Amino acid sequence: MTNSAEISRLLREMNQKGSFQVSVLTDREGFPLAWASGNGENPETQAAVVALAQKTAGQVSSHLGMAVMDEISMRDESGSHLVCRPFTINGRELILAVLMVDKRRPYRKLTNQAVRAIQQAW
């Protein structure tokens, strides 16, 4: 793996461009590898939620016979939106998760760019 400081820098850039509250890169089990947050957000808490979301998505996929999910998305009543983007680097399953408060804010292009940048930096 590359320097987690470099990946954290990439995440900070993505957060700034997308006005995301927090972003975290985790392994499949939810262990945080790199993160960027503002306003006192706790990336460890988000990493735990990401692991739970990934486990739930895996169970849904296996029970319903769905293919591997390319995105897991959750919204709450206040408009907060958590998006988890699973991807693989050299056989290692990772998840990029972002938390945003404006549900109308576009995120897909920024998270795609971040995934590619992380793969190049890895």
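Okay, strand 3 and strand 4: strand 4 covers residues 81–89, and 4 bridges join the two strands, which run antiparallel. When I say two strands pair, I mean that DSSP finds at least two bridges between them. Helices (H or I, at least four residues) and strands (E, at least two) are DSSP runs, numbered from the N terminus. If you want one spot to look at here, take Arg75, whose bridge partner in strand 4 is His81.

Before I go on, a word on what we're looking at. This is a predicted model, where local features need pLDDT of at least 70 and side-chain atom pairs count only at pLDDT 80 or more, while totals for chains, interfaces and linings use all residues. Residues are numbered from 1 along each chain as its sequence is written, and side-chain values use heavy atoms, with hydrogens and water left out.

Now the sheet. In what order do the 5 strands of the open sheet come? They go 2-1-5-4-3, with antiparallel pairing. Strand 2 and strand 3 (72–75) are the edge strands, each pairing on one side only. From one strand to the next, the twist averages 15°. For angles, axes are lines fitted to C-alpha atoms, for helices over the stretch in contact, and the angles run from 0 to 180 degrees between N-to-C directions.

Let's go to strand 1. Strand 1, residues 22–27, pairs with strand 2, residues 32–37, in the antiparallel sense over 5 bridges. Along that pairing, Val22 stands opposite Ser37, and Leu25 stands opposite Ala34. The hairpin these two strands make has 4 residues between the strands, and in it Gly30 takes a positive phi near 95°. Strand 1 is also joined to strand 5 by 6 bridges, again antiparallel, and there Thr26 has Ile95 as its bridge partner.

Is strand 1 enclosed or open? It's largely enclosed by the rest of the structure, because 6 of its 6 residues are buried. Buried means under 20% relative accessible area, exposed means over 50%, and partly exposed is in between, with a 1.4 Å probe and protein chains only. Val22, Val24 and Thr26 point one way from strand 1, Ser23, Leu25 and Asp27 point the other way, and all are buried.

On to the helices. Helix 1 lies across strand 1, strand 2 and strand 5 (92–100), running at about 35° to strand 2. Helix 3 lies across strand 1, strand 4 and strand 5, at about 30° to strand 4.

And how do the two helices sit against each other? Helix 1 (residues 4–18) and helix 3 (residues 108–121) pack at an angle of about 165°, with their axes 10 Å apart. That makes helix 1 roughly antiparallel to helix 3. The cut-offs: under 35 degrees is roughly parallel, over 145 roughly antiparallel, 65 to 115 roughly perpendicular, and the rest oblique. The crossing is right-handed, which is the label when the near helix is turned clockwise from the far one by less than a right angle; anticlockwise would be left-handed.

As for who meets whom, helix 1 brings Glu6, Ile7, Leu10, Leu11, Met14, Lys17 and Gly18, and helix 3 brings Leu110, Thr111, Ala114, Ala117, Ile118 and Ala121. The residues of this contact divide into 9 nonpolar, 2 polar and 2 charged. Contact here means heavy atoms within 4.5 Å. Ala, Val, Leu, Ile, Met, Phe, Trp, Tyr, Cys and Pro count as nonpolar, Asp, Glu, Lys and Arg as charged, and the others, Gly among them, as polar.

Stay on Lys17 in helix 1 for a second. Lys17 counts as exposed, at 54% relative accessibility. Leaving out residues up to four places away in sequence, Lys17 touches Arg105 and Leu110. Lys17 and Tyr107 are 90 residues apart in sequence, yet 9.5 Å apart in space, C-alpha to C-alpha.

Last stop, the loops. Most residues other than glycine have a negative phi. Ser19, in the loop between helix 1 and strand 1, has a positive phi near 55°, and is partly exposed at 45%. Asn90, in the loop between strand 4 and strand 5, has a positive phi near 50°, and is exposed at 75%.
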